[in-house]
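This report describes how selected elements and residues of a protein model are packed. The sequence and structure are shown first, and the description follows.

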Amino acid sequence: MTTLWKDDAELFNIARKELFTALVGDVLDKMGYLHQFLPPHIKPLRRDMVVIGRAMPVLEADVFAERQLDTHLEVMRKPFGIMFEALDQLKAGEVYICSGSSPRYALWGGLMSTRAIAIGAAGAVVDGYSRDTNEILRLGFPTFSQGTYAQDQGPRGKVIDYRVPIEFGGIPVRPGNIVFGDLDGVIIVPQEAEEEAFAGAIEKARGEKQVKQALEAGMSTVEAFEKFGIM
């Protein structure tokens, strides 16, 4: 049990202040978790946005009508499926992370951000587009997507489940995994690996400060790596 943090709030605060995704990714590589980054085209709406929180996975599916009356599935009768229920079930410190659809429409927007902020959610990461960009930027809600595109999901997509395991760009995402994202990417940290991964990243971050100081003082990279084992 680590003594570096006592709860999620303290860990996430340390991560925002001291860490970046590359550090956590490096440690996970050493641990044998080699495929934890979401695809590189998933980017923040603003360069300085950082997201960190527990995953609340959401499963989206393509549809071809806003309401489908001739159907075997009740979810098909509802505009947006159960998206509103999923959004309302977000908890403080959680990340709305959504995949399953084709990239033809926006999966996140301004009103969704407003509701998420009221709940205390940590951010949104979607395998598709976001819209209402100026509003989201004004709100400052951490949003990561493939880019911005105004086309609505209403007649094109529905949320069909939430708090279930999903895959996002081939990366498994389970409820409660830590989602950590910055300008360089979004990484998924499995719960069984989180303590070792973040403890190692914190140690590496603090060690890199020593390396930086040594390099600034004129030490060669060969000498620095031999002395600190970090580069």
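The structure is a predicted model. Its largest nonpolar core has 44 residues, of which L38, L90, Y96, I97, W108, V125 and V179 touch the most other members. A second core, separate from this one, has 21 residues, including W5, I14, F180 and I187. As a general rule, nonpolar side chains in soluble globular proteins tend to be buried together.

**Surroundings of W108 and A124**

With residues up to four places away in sequence not counted, W108 touches L87, Y96, S113, A116, A124, V126, Y129, S130, R131, I136, F141 and T143. One of these partners, A124, lies in strand 5, residues 123-126. A124 has a relative accessible area of 0% and is therefore buried. Neighbours within four places aside, A124 is in contact with V95, Y96, W108, F141, P142, T143 and F144. The C-alpha atoms of A124 and E195 are separated by 23 Å, and these two residues are 71 apart along the chain.

**Helix 4**

Helix 4 spans residues 110-119, and its buried residues are G110, M112, S113, A116 and I119. Two of these, S113 and A116, are also among the residues touched by W108. Which elements cover the buried residues of helix 4? The cover includes helix 3 (83-88), strand 3 (94-99), strand 4 (106-108), helix 5 (133-139) and strand 7 (143-145). In an α-helix there are 3.6 residues a turn, so residues three or four places apart point the same way. Just after helix 4, G120 takes a positive phi of about 95°.

**Strands 11 and 12**

Strand 12 (residues 185-189) is largely enclosed by the rest of the structure, because five of its five residues are buried. In a regular strand, side chains alternate between the two faces of the sheet. Both faces of strand 12 are covered, with G185, I187 and V189 buried on one side and V186 and I188 buried on the other. Strand 11, residues 178-182, pairs with strand 12 in the antiparallel sense over five bridges. A hairpin through two residues joins strand 11 to strand 12. Within this pairing, V179 has I188 of strand 12 as its bridge partner. V179 is also listed among the members of the largest nonpolar core that touch the most others, whereas F180 and I187 belong to the second core.

F37 provides a further contact with strand 12. Located in the loop between helix 2 (21-31) and strand 1 (43-44), F37 touches T21, G25, I171, G185, V186 and I187, not counting residues up to four places away in sequence. F37 and E74 are 37 residues apart along the chain, and their C-alpha atoms are separated by 35 Å.

**Helices 1 and 6**

Two packed helices are described by the angle between their axes and the distance between the axes. The axes of helix 1 (residues 8-18) and helix 6 (residues 194-216) come within 11 Å and cross at roughly 30°. This crossing of helix 1 and helix 6 is left-handed. Where the helices meet, L11, I14, A15 and E18 of helix 1 face F198, I202, A205 and R206 of helix 6 in contact. By class, the contact has six nonpolar, no polar and two charged residues. I14, one of the helix 1 residues in this contact, is also a member of the second core.

**Residues in loops**

Two residues other than glycine have a positive phi. For D132 the value is near 55°, and for R163 the value is likewise near 55°. The table sets out the location and relative accessibility of these residues together with F37 and G154.

| Residue | Loop between | Relative accessible area | State |
|---|---|---|---|
| D132 | strand 6 (129-130) and helix 5 | 35% | partly exposed |
| R163 | strand 8 (157-162) and strand 9 (166-168) | 28% | partly exposed |
| F37 | helix 2 (21-31) and strand 1 (43-44) | 34% | partly exposed |
| G154 | strand 7 and strand 8 | 0% | buried |

What does G154 contact, leaving aside its neighbours within four places in sequence? G154 is in contact with A65, E66 and F80. G154 and A106 are 48 residues apart in sequence, and their C-alpha atoms are 9.4 Å apart in space.

Conventions
Residues are numbered from 1 along each chain as its sequence is written. This is a predicted model: local features need pLDDT of at least 70, side-chain atom pairs count only at pLDDT 80 or more; totals for chains, interfaces and linings use all residues. Side-chain values use heavy atoms; hydrogens and water are left out. Buried means under 20% relative accessible area, exposed over 50%, partly exposed in between (1.4 Å probe, protein chains only). Helices (H or I, at least four residues) and strands (E, at least two) are DSSP runs, numbered from the N terminus. Contact means heavy atoms within 4.5 Å. Two strands pair if DSSP finds at least two bridges between them. A nonpolar core is a set of buried Ala, Val, Leu, Ile, Met, Phe, Trp, Tyr and Cys residues joined through side-chain atoms within 4.5 Å. Axes are lines fitted to C-alpha atoms, for helices over the stretch in contact, and angles run from 0 to 180 degrees between N-to-C directions. A crossing is left-handed if the near helix is turned anticlockwise from the far one by less than a right angle, and right-handed if clockwise. Ala, Val, Leu, Ile, Met, Phe, Trp, Tyr, Cys and Pro count as nonpolar, Asp, Glu, Lys and Arg as charged, and the others, Gly among them, as polar.
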